[in-house]
Amino acid sequence: MTSPTPPAEPAYADRTYRSSAGIAGGALLLALCLWLGIDAVFQGHGNAPWLALAVLLCVVPLIVAFSLRPAVFASADRLLVRNPFRTITLPWSAVADVRAGYSSEVFAHSGRKYQMWAIPVSLRGRKRAARQQARAAALGDRRGASVSADVTDDKARLAAADQSIRDLRDLAEQGASREGAQGTVSVRWAYEVIAPAVAGALVFAILLAIG
């Protein structure tokens, strides 16, 4: 008789965190920039079309970098933070803590700190969540029940950023001992964003210098 095969390890789907407000604002700003720039290219005179092209080459990558590019991907083994100019990969074993003060941050055991642009902190959202917690606690008191407003309580009402940070902290604690979560932090610069932005700025400066 063959021994029964052990149950397969459950599959962990990646979690993606992005700022919907940032994406919407970036898309509108990108559309406005392209509209004005293309109009200047076809309707401008002298060196105006070339100046417009240089500005587009510089500005468009920056808009994409700060609005559409930021994202955080979390899996069972690692955390990938995609910021405007860098992509940081942190195996869970290398993560010391995940916090949200005035910005969302992940701390490595090496002492390095990395911001997570894709999870913006809203002080207004925190105040709204605190008011909801206070109302829930008051309602519980009136009903003679104990209602916890602690942010570690699953029933607590949290601001969106704080909820995301709590989820990431839980994933870090669960995945730190996994075999696939071992390793060191790696950082890659987004040259596909930096290079065209710098090139556009240089071309614009040269065009202005030569008149």
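This report walks through the fold of one chain, two helix pairs and three single residues.

## The chain as a whole

The model is predicted. Its secondary structure comes to five helices and eight strands. Along the sequence, these elements follow the pattern β-α-α-β-β-β-β-β-β-α-α-β-α.

The chain has 211 residues, and buried residues make up 34% of them. Now take the contacts between residues at least 6 apart in sequence. Of these, 61% join residues at least 24 apart.

## Helices α1 and α2

Helix α1 covers residues 20-43. Its axis comes within 10 Å of the axis of α2, and the two cross at roughly 175°. Angles over 145 degrees count as roughly antiparallel, so α1 is roughly antiparallel to α2.

Which residues meet here? On the α1 side they are G22, I23, G26, A27, L29, L30, C33, L34, G37, I38, A40 and V41. On the α2 side they are P49, A52, L53, L56, V59, V60, I63, V64, S67 and L68. The residues of this contact divide into 18 nonpolar, four polar and no charged.

## Helices α2 and α5

Helix α2 (residues 48-68) also packs against helix α5 (residues 191-210). The angle is about 155°, and the axes lie 8 Å apart. That angle makes α2 roughly antiparallel to α5. The crossing of α2 past α5 is left-handed.

From α2, the contact uses W50, L51, A54, V55, L57, C58, P61, L62 and A65. From α5, it uses V193, P196, A197, A199, G200, A201, V203, F204, L207 and L208. What kinds of residues make up the contact of α2 with α5? They divide into 18 nonpolar, one polar and no charged.

## Strand β4: R86 and T87

Strand β4 spans residues 86-91. R86 lies in this strand, and T87 does too. Is T87 buried or exposed? T87 is buried, because its relative accessible area is 11% and the cut-off for buried is under 20%. R86 has 22% relative accessibility, so R86 counts as partly exposed.

T87 has a polar partner. Its side chain makes a polar contact with the side chain of R69, at 2.8 Å. Leaving aside residues up to four places away in sequence, T87 touches R69, L80, V81, R82, S186, V187 and R188.

R86 has its own set of neighbours. With residues up to four places away again not counted, R86 touches R69, V81, R112, Y114, V187, R188, W189 and A190. Look at V187 in that list. R86 and V187 are 101 residues apart along the chain, yet their C-alpha atoms are separated by 6.7 Å.

## S19, in a loop

Where is S19? S19 sits in the loop between β1 (15-17) and α1. Its relative accessibility is 17%, so S19 counts as buried.

What does S19 touch, beyond residues up to four places away in sequence? The answer is A118 and P120.

## Pulling it together

Helix α2 takes part in both helix pairs described here. It is roughly antiparallel to α1, and it is roughly antiparallel to α5. The contact of α1 with α2 has no charged residues, and neither does the contact of α2 with α5.

In β4, the side chain of T87 makes a polar contact with that of R69, and R86 also touches R69. V187 is a neighbour of T87 and of R86.

Terms used:
Residues are numbered from 1 along each chain as its sequence is written. This is a predicted model: local features need pLDDT of at least 70, side-chain atom pairs count only at pLDDT 80 or more; totals for chains, interfaces and linings use all residues. Side-chain values use heavy atoms; hydrogens and water are left out. Axes are lines fitted to C-alpha atoms, for helices over the stretch in contact, and angles run from 0 to 180 degrees between N-to-C directions. Helices (H or I, at least four residues) and strands (E, at least two) are DSSP runs, numbered from the N terminus. Angles under 35 degrees count as roughly parallel, over 145 as roughly antiparallel, 65 to 115 as roughly perpendicular and the rest as oblique. A crossing is left-handed if the near helix is turned anticlockwise from the far one by less than a right angle, and right-handed if clockwise. Contact means heavy atoms within 4.5 Å. Ala, Val, Leu, Ile, Met, Phe, Trp, Tyr, Cys and Pro count as nonpolar, Asp, Glu, Lys and Arg as charged, and the others, Gly among them, as polar. Buried means under 20% relative accessible area, exposed over 50%, partly exposed in between (1.4 Å probe, protein chains only). A polar contact is a pair of N or O atoms within 3.5 Å; within protein, one must be able to donate a hydrogen and the other to accept it, and residues adjacent in sequence count only if both atoms are side-chain atoms.
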